Amino acid sequence: MRVLLGLVAGALLVACGGCWDRLEPDRLASVIALGLDRGEHLPVRVTAQLSIPRLLAGGGGRDGGGGQGPQPPFDNRVAEGRGVFEAMRVLQEQSSRVIHLGHLQVVVVSEQVARTGLAPLLDYLTSEREARRVVEMAVSSCPPRDLLDVPTKLESLPGTAIAERLRQVPTTMGLPESSIIRFLNALHDEGIEPFLPVVHRVDATGEIVDRPPEAREERGRKAQDRGGPEGGGGQGRPAADRGVAQGGDDVIRVAGVAVFKDDRMVGTLNELEARGLAWLMGRLERGILVIPADLAGGGPALLYVRRVEAKFEPRLDGGRPTMQVRLKVRADVAEWLAPTYDLTTAEADRLEQAAARVIADEIMATVRRLQKEFHSDVCGFGWTFYRRYPRVWRQDLGPRWDRVFADLPVQLQVKVHVASAFFGWRSPGGPWR
Amino acid sequence: MRAARAERAGGGVPGRGQPRPQISLSEGTALGTCLAWPVAVLYLPAVVAAEGREDGWLGMLLAGLVLIPVGLLLGALAHRVPRLGLVDQATLALGKALGRVVAAVFVLGTSVLAAYAVRAGAEMVRLLMLPRTPPWVISLVIALQGAVGAWFGLEVVARAAVMAFLSVGALLLVLIPGFIPMFDARRLFPVLSYGPGPLLRSAAVSAGFWGQVVLLAMSAESFRTPAELRASALRAGAASLATGWLLFVLAQGSAGWYGVSEFAMPNVEVMRAVRFYLPLFERVDVLVVTGWTAMGFVQVAWLVWALARGVSRLAGAVDSRPFVVPVAAALWGASLVGPEDLPGLLLRWTRVLVPLATGVLVLTVAVVWLTAAVRPPAPPAPRGARRDGTGAVGQDR
């Protein structure tokens with residue numbers, strides 16, 4: 001009996017040890033970031049940023065902390081293949097260690113590749129057991145290879161810097177995080193299309209440097225023609241309604257949104273249009289809304305958005321679909337560069353109306369562009385129709401939603417409630433003191 | 001000596017002069033929960049979502065209704081033919097020949113579910129942890145530990161079940177808040193937009209898993225009273241259903257029905273997207289695997305014990321322990337049969353084979369109960385009494 005139990009225990013020990021899957025940490029090459037681009041010789045070029053723990057230890061960064069000299073603590077490996085899987089296999093053949101995706105933080109895809117479709121990449125990432133579903137995804141306006149090679153001051157690895165910027169997207173842009181699972185959800189859900197944030201290389205003033213100057217000017221002119229401030233979504237200059245950075249910590253900026261139709265990118269929303277999308281999603285809390293001086297009266301006002309509630313009400317009027325959007329916004333006056341600091345009821349009313357107008361303009365500019373230019377329902381109007389009228393959706397609306405969405409009448413109602421950021425209606429630092 | 005061994009192995013013949021193992025209500029509840037939950041929580045959501053679309057969560061809830069008749073059936077049979085396991089109940093109620101045939105059908109159904117459990121566990125370990133390890137090795141380990149558990153007897157397995165039950169309960173309390181940031185209740189709607197078909201199909205598949213508490217019939221003699229058996233079955237079913245359903249709702253609300261149906265193990269996949277615990281825990285799915293391992297091992301140990309017990313009683317043997325290793329070996333072999341690809345396993349086994357096997361088991365118990373109700377069998381000898389009625393042999397534990 002004891003012999004039998006001993007044999008069983010021995011067999012369990014041997015098998016549970018995982019002889020076939022033994023993987024020592026010091027034999028792994030951890031991929032922090034993946035870049036996907038068109039190759040020079042083959043359709044897919046993968047750039048994998050491998051961290052070098054030896055150089056990361058002791059707080060070493062690009063300056064080689066820990067006495068390791070100027071060598072950066074990462075190594076960008078590039079491989080080409082007919083698909084992502086093949087390119088990764090080539091990368092493995094180049095490496096003395098096992099390529100490990102368990103620590104992958106971000107996947108950056110070039111605009112060129114995004115326009116041909118992300119299905120092969122998603123297939124690879126979902127079938128690859130090591131990669132987690134919380135890995136961030138983004139579209140880059142420059143080749144990802146260039147983005148993954150930029151020097152960063154606060155982070156040791158450019159991949160980490162990009163991932164951290166993308167994790168801040170819910171706060172900075174008011175949009176949902178850009179993880180793989182969220183992209184897949186939007187891809188699978190009825191009546192909604194996915195989108196991803198766009199990552200740029202910028203200089204210390206926030207100027208986007210990934211396009212030639214003439215292209216930037218051209219795009220900036222187009223943005224002006226559309227009535228929006230330029231610069232946000234890769235238009236070359238900082239937006240008119242935002243501050244200008246000086247001596248930024250690094251040269252990566254997330255601005256604008258890449259709009260998809262199924263898995264293919266169809267266009268880009270600039271920074272202002274992305275904010276229109278954020279309003280629609282009811283997520284622009286803790287954001288800043290700038291009311292121009294001519295609307296606010298006296299001087300420009302900065303409103304700190306505390307709460308946003310967006311409600312979609314789909315309707316079928318005689319079989320014709322219409323969408324009513326109701327938006328409720330609560331905001332505080334964070335800064336008002338007016339001659340007087342007193343926020344009287346009349347002035348609050350004026351600010352509320354002005355804010356509602358600004359918000360409505362931002363939203364409608366976005367909706368118009370999505371409807372007329374991209375034919376992509378990233379705001380999820382179709383999803384609400386699907387849930388409210390499932391049978392009608394299945395039989396009529398769903399199959400032809402692209403065309404329906406393009407001509408969908410959208411009625412927008414914005415209500416803004418403005419309050420003082422202080423306990424009273426007067427600023428403690430105001431001139432009345 | 002032999003009697004003592006038989007007692008340890010839970011192989012004593014109740015009411016025939018041999019002491020039998022006894023399990024309490026809480027142990028029975030934990031044991032019943034371990035019967036279906038480990039596999040159901042991993043593989044059932046994908047099939048339910050594929051069959052039920054948005055209605056899957058309703059179908060799974062609807063399937064919970066099957067628990068009530070199954071629990072009542074177990075209690076009623078134990079009341080009619082007390083202090084015996086299913087094989088003895090069947091032979092007593094239906095006669096030796098027919099009773100053995102019916103019992104053999106029950107044992108066969110149990111073996112199908114056991115082989116499925118071993119294979120499902122092996123696939124889970126292979127997919128999540130040991131991708132390069134051959135499946136036969138993992139199946140072997142699972143079958144071996146099942147044999148070890150069964151060798152030590154039902155009471156040991158039952159106590160292990162309580163520990164696993166409590167551990168998994170604590171894990172769920174930790175894990176469930178992680179879903180909240182991703183959860184969107186709108187993904188659970190619209191319901192019944194495709195009519196009752198998807199709802200009923202998903203309910204049928206789910207019932208195949210929740211109905212597996214019927215397996216408790218094999219250890220009916222170990223419960224103190226029929227009421228405790230019934231209560232254990234109902235409580236176990238309710239616990240399995242509540243946790244399994246909650247995880248399914250959270251997964252569907254986080255990834256949508258299509259996302260859930262797309263992966264082999266949706267709960268694990270969704271948990272791989274949980275950010276709630278970053279940077280404390282990067283791999284929350286490891287906790288799920290730990291929980292499954294605890295309950296899955298108990299499940300397989302119980303199934304090996306039940307099969308060994310069933311085979312031994314069919315063979316007329318008193319001690320079931322000599323049958324433990326052959327049964328475990330047979331299970332290992334049976335678990336290697338079937339498609340090598342996991343989607344094939346899911347589609348063919350989870351969707352068809354498991355509900356079919358569970359249905360056969362419930363039907364078998366119903367037949368035995370019906371016969372016993374129509375023609376009540378002679379009651380077995382009192383517990384602890386010798387055949388000649390001269391006194392007790394041992395003490396029940």
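**Close-up views of a two-chain model**

In chain A, D317(A) faces R320(A), which belongs to strand β12(A). This pair is a good place to start looking around the structure, which is a predicted model.

**View 1. Strands β11 and β12 of chain A run antiparallel.** Follow β11, residues 301-317 of chain A, and then β12, residues 320-336 of chain A: 16 bridges join the two strands. To find your place in this view, look for D317(A), which stands opposite R320(A). As general background, the strands of a sheet pair through backbone hydrogen bonds, in either a parallel or an antiparallel way.

**View 2. Four strands of chain A make an open sheet.** Which order do the strands of this sheet follow? Reading across, you meet β10-β11-β12-β13 of chain A, and the pairing is mixed. At the edges stand β10 and β13 (410-420) of chain A; each has a single partner strand, so one side of each is left without a neighbour in the sheet. From one strand to the next, the twist averages 35 degrees.

**View 3. A hairpin in chain A is built from β8 and β9.** Here β8 (residues 252-261) and β9 (residues 264-269) of chain A pair in the antiparallel sense, with five bridges between them. V259(A) is a handy landmark, standing opposite G267(A) in β9(A). Two residues lie between the strands, and in this turn D262(A) has a positive phi of about 55 degrees.

**View 4. R286(A) is a loop residue with a positive phi.** You will find R286(A) in chain A, in the loop between α11 (271-280) and β10 (288-291). Its phi is about 70 degrees, although R286(A) is not a glycine. For comparison, most residues other than glycine have a negative phi. Is R286(A) buried or partly exposed? Because R286(A) has 14 C-beta neighbours inside 10 Å, it counts as partly exposed.

**View 5. R53(B) also has a positive phi, this time in chain B.** The loop to look for runs between α2 (25-52) and α3 (56-63) of chain B, and R53(B) sits there. Phi of R53(B) is near 50 degrees, and this residue is not a glycine. R53(B) is buried, because 23 other C-beta atoms lie within 10 Å, and 20 or more is the cut-off for that label.

**View 6. A cis peptide bond leads into P190(B).** The bond in question runs from F189(B) to P190(B), and its omega is near 5 degrees. In general, most peptide bonds are trans. P190(B) lies in the loop of chain B that falls between α8 (154-175) and α9 (196-210).

**View 7. Chain B is a chain of helices without strands.** How many helices does chain B have? The count is 14, alongside zero strands. Of the 397 residues in chain B, 59% are buried. Among contacts in chain B between residues at least 6 apart in sequence, 82% join residues at least 24 apart.

**View 8. Chain A and chain B meet in a contact between the two chains.** Chain B brings 23 residues to this contact and chain A brings 21 residues. On the chain B side, α7 (135-152) and α10 (226-262) each supply at least two residues. The largest share of that side, six residues, comes from α7(B). By kind, the residues of chain B that touch chain A divide into 13 nonpolar, five polar and five charged.

Definitions and conventions:
Residues numbered from 1 in each chain as written. Chains lettered and ligands numbered in written order. Predicted model: local features only at pLDDT ≥ 70, side-chain atom pairs only at ≥ 80, totals over all residues. Buried ≥ 20, exposed ≤ 12 C-beta atoms within 10 Å, placed from the backbone. Contact = placed C-beta atoms within 7 Å. Nonpolar A, V, L, I, M, F, W, Y, C, P; charged D, E, K, R; others polar. Pairing = 2+ DSSP bridges. Axes fitted to C-alpha atoms, helices over the stretch in contact; angles between N-to-C directions.
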